[in-house]
Amino acid sequence: MTRAEELSDNLARVRARIASAATAAGRGDAEVGLVVVTKFFPASDVRLLADLGVADVGENRHQEAEAKAAECADLRLRWHFIGGLQSNKAAAVAAYADVVESVDRPKLLAPLSRGAHERGRTVDVLLQVSLDPPEHGARAGVAPDDLASLAAATVQTEGLALRGLMAVAPLGEDPAAAFDRLARIRAGFLTDHPDATVLSAGMSGDLEQAVAAGATHVRVGSAVLGSRPAVP
Ligand SMILES: *Cc1c(COP(=O)(O)O)cnc(C)c1O
């Protein structure tokens, strides 16, 4: 089997999972977008995915993402940055990312705005909400209590468009319970920001639970590309 055939089969399986999860939730499958997470995999795979109709790809490490986006600049892809973001890298990320999904603190806004400005465009922003219990020390994502103020600061920042929320289910918890919490957080958020309707949640292992809780986008890596090499 060629790599193209393997990716094609995997994509078909993931799309079928999304469609049946959407149907089970009484939603149309056109309401749920797929972001294929290509981290650790080469630009040649990104090209094959684009040929197979993938429009959105996700990356979580700045240097790798920057290089891949440059190698694939001729393809009409939307690049989603989904990883932990350092403020000294944020302007550079805004130079190639169409969507930055992992905005979790006010300090990132000014450099993202600067990067967007240098490129003469608007960057779409999702705010990453932490679903971890508060006693967790270092967590990715804004604490739910701080979401409203981060959202207010985002809409006041030039060059950034607040589109919605992103979250990752914590390890060791039933993802359905975590995504139920997320759905409640989102309902409150939408009363203040009714147009910021994107909800990016769900990965290879829990996309069904995320779609049931209202995800508009799922971020799927290994179920499409295969298992990643172990992180050193
Ligand atoms: C790697 C990653 C994914 C994809 O995970 P899979 O389990 O491989 O589908 C989704 N979201 C984020 C934030 C990631 O870092």
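Here are some questions and answers about a predicted model of one protein chain.

Residues are numbered from 1 along each chain as its sequence is written, and side-chain values use heavy atoms, with hydrogens and water left out. As this is a predicted model, local features need pLDDT of at least 70 and side-chain atom pairs count only at pLDDT 80 or more, while totals for chains, interfaces and linings use all residues.

Q: How many helices and strands does the protein chain have?
A: Helices here are DSSP runs of H or I with at least four residues, strands are runs of E with at least two, and both are numbered from the N terminus. Going by that, the protein chain has nine helices and eight strands.

Q: What radius of gyration does the protein chain have, next to that of a compact globule?
A: The radius is taken over C-alpha atoms, and the globule rule is 2.2 Å times the number of residues to the power 0.38. For 232 residues the rule puts a compact globule near 17 Å, so the chain agrees with it. The C-alpha trace spans about 50 × 40 × 35 Å along its principal axes. The radius of gyration of the chain is 17 Å.

Q: What share of the 232 residues is buried?
A: Buried means under 20% relative accessible area, exposed means over 50%, and partly exposed is in between (1.4 Å probe, protein chains only). Counted that way, the buried share of the protein chain is 50%.

Q: How much of the accessible surface belongs to carbon and sulfur atoms?
A: Areas come from the Shrake-Rupley method with a 1.4 Å probe, and for residues only the protein chains shown count as cover. The whole chain comes to about 10,800 Å². The part belonging to carbon and sulfur atoms is 52%.

Q: Which helix gives the most residues to the largest nonpolar core?
A: A nonpolar core is a set of buried Ala, Val, Leu, Ile, Met, Phe, Trp, Tyr and Cys residues joined through side-chain atoms within 4.5 Å. The largest one has 65 residues, and Leu-112, Leu-127 and Val-224 touch the most other members. With six residues, the top contributor to this core is helix α1 (residues 3-24).

Q: Which residues does Val-224 touch, beyond those up to four places away in sequence?
A: Contact means heavy atoms within 4.5 Å. Val-224 is one of the residues that touch the most other members of the largest core. Its partners are Leu-7, Asn-10, Leu-11, Val-14, Val-36 and Leu-49.

Q: Is Leu-126 buried or exposed?
A: Leu-126 sits in strand β5, and a second, separate core of six residues includes Leu-126 along with Val-37, Ile-82 and Val-198. Beyond four places in sequence, its contacts include Val-99, Val-103, Leu-165, Met-166 and Val-198. Its relative accessibility is 2%, so Leu-126 counts as buried.

Q: Which elements are included in what covers the buried residues of α5?
A: In helix α5 (residues 109-119), the buried residues are Leu-109, Pro-111, Leu-112, Ser-113, Gly-115 and Ala-116. Just after the helix, Gly-120 takes a positive phi of about 65 degrees. The cover over the buried residues of α5 includes α4 (87-94), β4 (99-103), β5 (123-128), α6 and β6 (160-166).

Q: What is the phi of Phe-40?
A: Phe-40 lies in the loop between β1 (33-37) and α2 (43-51). At a relative accessible area of 22%, Phe-40 is partly exposed. Although Phe-40 is not a glycine, its phi is positive, at about 75 degrees.

Q: How far is Ala-213 from Ala-25 in space, C-alpha to C-alpha?
A: Ala-213 is in the loop between α8 (207-212) and β8 (217-220), and with a relative accessible area of 15% Ala-213 is buried. Leaving out residues up to four places away, Ala-213 touches Phe-179, Ala-183 and Leu-199. Ala-213 and Ala-25 are 188 residues apart in sequence, yet in space their separation is 8.4 Å.

Q: Which residues is Val-155 in contact with, leaving aside neighbours within four places in sequence?
A: Val-155 lies in helix α6 (residues 147-155). Its relative accessibility is 47%, so Val-155 counts as partly exposed. The contacts are Leu-162 and His-193.
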